[in-house]
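Here are some worked exercises to go through with the model open in your viewer. Try each task before you read its solution.

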Amino acid sequence: MTFNPNEIALLVIALLIGLLLGLIMSGRGKYKRYWRDEQLAHAQAVKDRDARLTAAQERIAELERQSVPPRSATLGTAGSAHERDDFSRIRGITPQDEIALNQAGYHRYDQIAAISSEQEAALETRLGLRSGVISREEWREQARLLDARQDHEHARLYDQRATPV
């Protein structure tokens, strides 16, 4: 029995159609389920990423609101929630100390005036100062005067003395 080329071509086509039908029927939706599960996992990953991005953008906006540069002596009144007072006006506070104070969360004179002795010791450690420097330099008293806008009294009491550190 010999097959001519037309019969061979028809036989190959029938075998291919049978193979395709067999593959479609044997999966019983398994591959469709895999595809659907992958789509759901991808959608969840996109939601998670978007939530993280939103949280990060909110945190950036919050930090930008808090990072107002120190105000100069010519600016208006203090007391707004995001203004920083110029701690360099307090005798004994260097620009590096002012940066470290801001990083520690101290931004206004009233915060310096209200520190406790425990906070004072922690600040001295953080700033690398010897124990008792803050009380010797009278940072709290200076901050109270500056917070009360008693600049002349502050200048009279503290600008005349030498800085003993």
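**Exercise 1: an odd backbone angle**

Task: Work out how exposed E138 is, where it sits, and what sign its phi has.

Solution. Start with accessibility: E138 has a relative value of 24%, so it counts as partly exposed. Keep in mind that this is a predicted model. Next, place the residue: E138 belongs to the loop between α6 and α7. Now check the backbone: phi of E138 is positive, about 60°, even though the residue is not a glycine. That's worth a second look because most residues other than glycine have a negative phi.

Task: Find the residue with a positive phi that comes after α7, and say where it lies and how exposed it is.

Solution. Walk off the end of α7 and you reach R149, with a positive phi near 60°. R149 is not a glycine either. Its place is the loop between α7 and α8. With a relative accessible area of 35%, R149 is partly exposed.

**Exercise 2: the overall layout**

Task: How many helices and strands does the protein chain have, and in what pattern do they follow one another?

Solution. Count the elements: eight helices and zero strands. Reading along the sequence then gives α-α-α-α-α-α-α-α. Now for the bulk numbers. The chain has 165 residues, and 21% of them count as buried. It exposes about 12000 Å², with carbon and sulfur atoms supplying 59% of that area. Finally, take the contacts with a separation of 6 or more: residues 24 or more positions apart account for 44% of them.

**Exercise 3: one side of a helix**

Task: Which residues of α7 are buried, and what covers them?

Solution. Helix α7 runs over residues 139–147, and its buried residues are W139, Q142, A143, L145 and L146. They sit on the same side of α7, because the arc they cover around the axis is only 160°. To see the cover, look at the surrounding helices: it includes α3 (95–103), α4 (109–113), α5 (117–127), α6 (133–137) and α8 (151–158).

**Exercise 4: the core**

Task: Which members of the largest nonpolar core touch the most other members?

Solution. This core has 16 residues, and the ones that touch the most other members are F87, I90, L101, Y106, I112 and W139. Sort the core by element next: α3, α4, α5 and α7 each give two or more residues to it. Then zoom in on L101. Leaving out residues up to four places away in sequence, L101 touches F87, I93, Y106, I112, L123, L127 and W139.

**Exercise 5: salt bridges**

Task: How many salt bridges does the structure hold, and which parts of the chain do the pairs R59–E62, R89–D151 and E120–R140 link?

Solution. The total is seven; let's take three of them in turn.

1. R59 and E62 meet through their side chains at 3.3 Å, N to O. The two are three residues apart in helix α2 (residues 30–66), so about one helical turn separates them. Both ends are partly exposed: R59 has 43% relative accessibility and E62 has 30%.
2. R89 pairs with D151, the closest N and O atoms being 3.0 Å apart. Since R89 is in the loop between α2 and α3 and D151 is in helix α8, the pair ties together parts 62 residues apart in sequence. R89 is partly exposed at 28% relative accessibility, and D151 is partly exposed at 32%.
3. E120 pairs with R140, and here the closest N and O atoms are 2.2 Å apart. E120 lies in helix α5 and R140 in helix α7, so the pair ties together parts 20 residues apart in sequence. E120 is buried, with a relative accessible area of 8%.

**Exercise 6: a nonpolar patch**

Task: Which residues make the nonpolar surface patch of about 890 Å², and is L16 buried or partly exposed?

Solution. List the members: M1, F3, I8, V12, L16, L19, L20 and L23 make up the patch. Pick L16 as a test case. It lies in helix α1 (residues 5–26). L16 has a relative accessible area of 49%, so it is partly exposed.

Definitions and conventions
Residues are numbered from 1 along each chain as its sequence is written. This is a predicted model: local features need pLDDT of at least 70, side-chain atom pairs count only at pLDDT 80 or more; totals for chains, interfaces and linings use all residues. Side-chain values use heavy atoms; hydrogens and water are left out. Patches are made of residues with over 30% relative accessible area and no salt bridge: like charges are joined within 9 Å, nonpolar side chains (Val, Leu, Ile, Met, Phe, Trp, Tyr) within 5 Å. Accessible areas come from the Shrake-Rupley method with a 1.4 Å probe; for residues, only the protein chains shown count as cover. A salt bridge is a side-chain nitrogen of Lys or Arg within 4 Å of a carboxyl oxygen of Asp or Glu. Helices (H or I, at least four residues) and strands (E, at least two) are DSSP runs, numbered from the N terminus. Buried means under 20% relative accessible area, exposed over 50%, partly exposed in between (1.4 Å probe, protein chains only). Contact means heavy atoms within 4.5 Å. The arc is that of the directions from the helix axis to the C-beta atoms. A nonpolar core is a set of buried Ala, Val, Leu, Ile, Met, Phe, Trp, Tyr and Cys residues joined through side-chain atoms within 4.5 Å.
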